Amino acid sequence: MKAKVSEIFFSIQGEGKFIGLKAAFIRLCGCNLNCYFCDTKYAINCTDEFTDEEIHSQILQFKTENVIFTGGEPTLQDEFIAYFIKKHQNYRFLLETNGTIFPQKSIELLEHIVVSPKMFALNTTVLFKIKKRAKSVEFKFVVEENFEEEIELAKKLNLKEITLQPIWFKDTLNSYLEKTRKIIEKAKQYDINVRVIPQLHKILYGNKKGV
């Protein structure tokens, strides 16, 4: 089976509760949103196709048991994700999604899902379904210094904890660190358990791809 793939690479997870974990990344092509802060726009319109065997042969070169499907919006190719997981089972599979499309075929095959809702394009029906059906799920919000809407959504979804990731958008390292410090201080004001995690790859590698 084939999928449209932007890139396959070996790195560490730079976001969410598995930050620092070695993993193979499969960045699938296409996205149903157009976020102004997106740092992987090159994945939206790519067209290169790979078979599952071609993808697997690349992953075999990496010394890791963790495979992360990311994008773009990887659930646009949900059928391929499910097919790949069933055929190549010796891995722990994780997914990163914006939570607007329910991964009907793969949700029960994935060990962990990171949902990153975008406030301008919420699908709360899908968010509730993912929360209910996923083996393990984490909600991560990409935020500026004002994130009251995200906190309200977390309460609506009855989340026990959330991850806040400060947006890196036209920032310098110093401005990003200052923004992150402000978000940390504001997060202390809320009762909900909040984990603030900066964009590690941006800090370490800037805009470099495939790392």
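## Confidence along the chain

In this predicted model, confidence varies among the elements of the protein chain, with helix H6 (residues 200-205) having the lowest mean pLDDT, 83, and H2 the highest, 98. Taken over the protein chain, the mean pLDDT is 94, and 100% of the residues reach 70 or more.

## The nonpolar cores

The largest nonpolar core is made up of 41 residues, and within this core Ile26, Ile59 and Phe69 are the residues with the most contacts. Helix H2, which runs over residues 78-87, gives the most to this core, contributing four residues. A second core, separate from the largest one, has six residues, among them Cys35, Phe37, Val142 and Ile167.

Which residues does isoleucine 59 touch, when residues up to four places away in sequence are not counted? Isoleucine 59 touches Ile8, Ala24, Ile26, Val67, Phe84 and Tyr91, and it is also one of the residues with the most contacts inside the largest core.

## The largest pocket

The largest pocket has a volume of about 920 Å³. Its lining is formed by 45 residues, of which Glu15, Arg27, Asp39, Thr40 and Gly71 are the closest to the pocket's centre. Strands S1 (2-12), S2 (22-28), S5 (92-97) and S7 (137-143), together with helix H6, are the elements that each give two or more residues to this lining.

Which element provides the largest share of the lining? That share, four residues, comes from H6, the helix that has the lowest mean pLDDT among the elements of the chain. By residue type, the lining of the largest pocket divides into 18 nonpolar, 16 polar and 11 charged residues.

Key: Residues are numbered from 1 along each chain as its sequence is written. This is a predicted model: local features need pLDDT of at least 70, side-chain atom pairs count only at pLDDT 80 or more; totals for chains, interfaces and linings use all residues. Side-chain values use heavy atoms; hydrogens and water are left out. A nonpolar core is a set of buried Ala, Val, Leu, Ile, Met, Phe, Trp, Tyr and Cys residues joined through side-chain atoms within 4.5 Å. Buried means under 20% relative accessible area, exposed over 50%, partly exposed in between (1.4 Å probe, protein chains only). Contact means heavy atoms within 4.5 Å. pLDDT is the predictor's confidence in each residue, from 0 to 100. On a 1 Å grid over the protein atoms alone, a cavity is a set of points where a 1.4 Å probe fits but cannot get out, and a pocket is an open set with protein on both sides within 12 Å along at least five of seven lines; lining residues have an atom within 4 Å of a point. Grid points are joined across faces, edges and corners, and a volume is the space filled by probe spheres set on the points. Ala, Val, Leu, Ile, Met, Phe, Trp, Tyr, Cys and Pro count as nonpolar, Asp, Glu, Lys and Arg as charged, and the others, Gly among them, as polar.
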